[in-house]
Amino acid sequence: MLFLLAGLSAIGWIGGVMYTPAIPQLVRDLSTDPSSAQFTLTVFLAVFAVSQLIYGPLSDRYGRRWVLIGSLLIYALGSIAVAVSPTIEWMTLARVPQAFGAVGGAILARAIARDLWDFPYVRRPMALIAAGGTLAPLLSLVAGGFVANALGWQGIFWVSAAIAFIFLGLAIVFLPETHKVRDRAAYGGMRMMTNYGRLLRSPLFMSYALTQALLAGGIFGFMTGGPFVVIETLGVSSGLYGILTALLPGGFMVGTLISSQISHRVSIHPMVVTGCSLAALAACTSFAIVLLGHLSVVALYPLMMIYTVGIGINTPNAMAGALEVDPKIAGTGAALLGALSFSSMALSSLLVGSVEHGGGLGLTGILAALSVPGLGFGVLTVVLSRRVRD
């Protein structure tokens, strides 16, 4: 069950970003321009962000199982529609249902975990689910070039559809309904907005959510500005850059492994604070190195490994803590967590793309600007949770 949930949290990214190394191939085949091809990614990300706010309340009201099954079916059919695209306009439209279906697994895996495991035991499964969702976009980018060379850009989406159908079958056979006690009237209509408002007004929920979202935004900012700094300024080949960047998920895995192994001995708040402290330390050190004029690959990548270890420790604990604030609306909470994280990622990428000019100052400055407040919110969870207990 746990590995099924981890896979569900990851598969949406396969159809979402794996094709990006094949965009030049796509431009030639569909007789379009690079900006139009890139816009298909923008459409996917925009729909992915907004749809997260829909799935949580739906699953709180109607149950996780059938909402998940429906999302996987939509994702599979949307991937097929993209694969057979005769024009870029067709592909852009087809990306809408594909993205809408893709987000279901990512959101509902967290809510199902909260249904199945009581707090604080949910932290260990949440670590594996977080690993699946965080590693998926990075690994998809690495794998995309190989799949495109073997099967073409269309093959990437046929693979995406096939994987979606496999998980659809697994969900039908092995996934029971986990949200059994629910009052449909409590989640419908204006009550859905009330539930979101309740979480947004909860200082404890928002502190957990923001410490995780800000750190996640930092790593996506690095993915945006990293090629320009590392390849153009530091003179690293694109092949070596790909290898170095592919190592970063290892840091995240180390962090999640630490979290899962000691979760039964260490409470949630030391883990949250330790994770964001490591990330803030790594980000501020990298910023200082740039200011002193000593930026290098040897300095940057070990610090980024420490940053991703911090994310790996922080994320499952922050997610578990946030969903424990109001377990009855865990689906809504998971959706809001995803929306906040995704917004942070998008904002970070936009800022780094605007302020980074090749010297690394903008990139490392954004990392520090996100991770230091992330640490502040992590410390705030300790204070607020004590007040709740008192």
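**Helix packing, salt bridges and exposure**

Tutor: In this predicted model, helix 10 and helix 11 are roughly antiparallel to each other.

Student: Why are helix 10 and helix 11 called roughly antiparallel?

Tutor: The axes of helix 10 (residues 268-291) and helix 11 cross at roughly 155 degrees and come within 7 Å. Angles over 145 degrees count as roughly antiparallel, and the pair therefore receives that description. Helix 10 passes helix 11 in a left-handed crossing.

Student: What makes helix 1 roughly antiparallel to helix 5?

Tutor: The two helices pack at an angle of about 160 degrees, and their axes are 8 Å apart. The cut-off for roughly antiparallel is an angle over 145 degrees, so helix 1 is roughly antiparallel to helix 5. The crossing of helix 1 and helix 5 is left-handed.

Student: Why, then, are helix 1 and helix 4 described as roughly parallel?

Tutor: The axes of helix 1 (residues 2-17) and helix 4 (residues 64-83) cross at roughly 20 degrees and come within 11 Å. An angle under 35 degrees counts as roughly parallel, and helix 1 and helix 4 are therefore roughly parallel to each other. The crossing of helix 1 and helix 4 is left-handed.

Student: How do you know that Asp115 forms a salt bridge with Arg64?

Tutor: The closest N and O atoms of Asp115 and Arg64 are 2.7 Å apart. The criterion asks for a side-chain nitrogen of Lys or Arg within 4 Å of a carboxyl oxygen of Asp or Glu, so the contact between Asp115 and Arg64 qualifies as a salt bridge. Side chains of opposite charge can pair when their charged atoms come close.

Student: Which parts of the chain does the pair of Asp115 and Arg64 tie together?

Tutor: Asp115 lies in helix 5 (residues 88-116) and Arg64 in helix 4, so the pair ties together parts that are 51 residues apart in sequence.

Student: Why is Arg64 called buried, and what makes Asp115 partly exposed?

Tutor: Buried means under 20% relative accessible area; Arg64 has 1%, so Arg64 is buried. Asp115 has a relative accessible area of 22%. Partly exposed covers values between 20% and 50%, and Asp115 is therefore partly exposed.

Student: How many salt bridges does this rule give?

Tutor: The count comes to two salt bridges. One of them joins Asp326 to Arg198, with the closest N and O atoms 2.7 Å apart. The pair links distant parts of the chain: Asp326 is in the loop between helix 11 (297-324) and helix 12 (330-355), Arg198 is in helix 7 (residues 190-200), and the separation is 128 residues.

Student: Why does Asp326 count as buried, and how do you know that Arg198 is partly exposed?

Tutor: The relative accessibility of Asp326 is 17%. The limit for buried is under 20%, so Asp326 counts as buried. Arg198 has 32% relative accessibility; the partly exposed class runs between the limits of 20% and 50%, and Arg198 therefore falls into that class.

Student: What makes Ser31 exposed?

Tutor: Ser31 has a relative accessible area of 68%. Exposed means over 50%, so Ser31 is exposed. Ser31 lies in the loop between helix 2 (23-29) and helix 3. The phi angle of Ser31 is near 50 degrees, a positive value in a residue other than glycine.

Student: Why is Tyr62 called partly exposed?

Tutor: Tyr62, placed in helix 3 (residues 34-62), has a relative accessible area of 35%. Values between 20% and 50% count as partly exposed, so Tyr62 belongs to that class. Patch residues need over 30% relative accessible area. Ile54, Leu58 and Tyr62 form a nonpolar patch on the surface, with about 230 Å² of accessible area together.

Student: How do you know that Ile313 counts as buried?

Tutor: Ile313, in helix 11, has 5% relative accessibility. Buried means under 20%, so Ile313 counts as buried. The C-alpha atoms of Ile313 and Ala106 are 19 Å apart in space, and the two residues are 207 residues apart in sequence.

Student: What makes Ile258 partly exposed?

Tutor: Ile258, in helix 9 (residues 238-262), has a relative accessible area of 34%. The value falls between the limits of 20% and 50%, so Ile258 is partly exposed. The C-alpha atoms of Ile258 and Arg124 are separated by 10.0 Å, while the residues are 134 residues apart along the chain.

How values were computed
Residues are numbered from 1 along each chain as its sequence is written. This is a predicted model: local features need pLDDT of at least 70, side-chain atom pairs count only at pLDDT 80 or more; totals for chains, interfaces and linings use all residues. Side-chain values use heavy atoms; hydrogens and water are left out. Patches are made of residues with over 30% relative accessible area and no salt bridge: like charges are joined within 9 Å, nonpolar side chains (Val, Leu, Ile, Met, Phe, Trp, Tyr) within 5 Å. Accessible areas come from the Shrake-Rupley method with a 1.4 Å probe; for residues, only the protein chains shown count as cover. Helices (H or I, at least four residues) and strands (E, at least two) are DSSP runs, numbered from the N terminus. Buried means under 20% relative accessible area, exposed over 50%, partly exposed in between (1.4 Å probe, protein chains only). Axes are lines fitted to C-alpha atoms, for helices over the stretch in contact, and angles run from 0 to 180 degrees between N-to-C directions. Angles under 35 degrees count as roughly parallel, over 145 as roughly antiparallel, 65 to 115 as roughly perpendicular and the rest as oblique. A crossing is left-handed if the near helix is turned anticlockwise from the far one by less than a right angle, and right-handed if clockwise.
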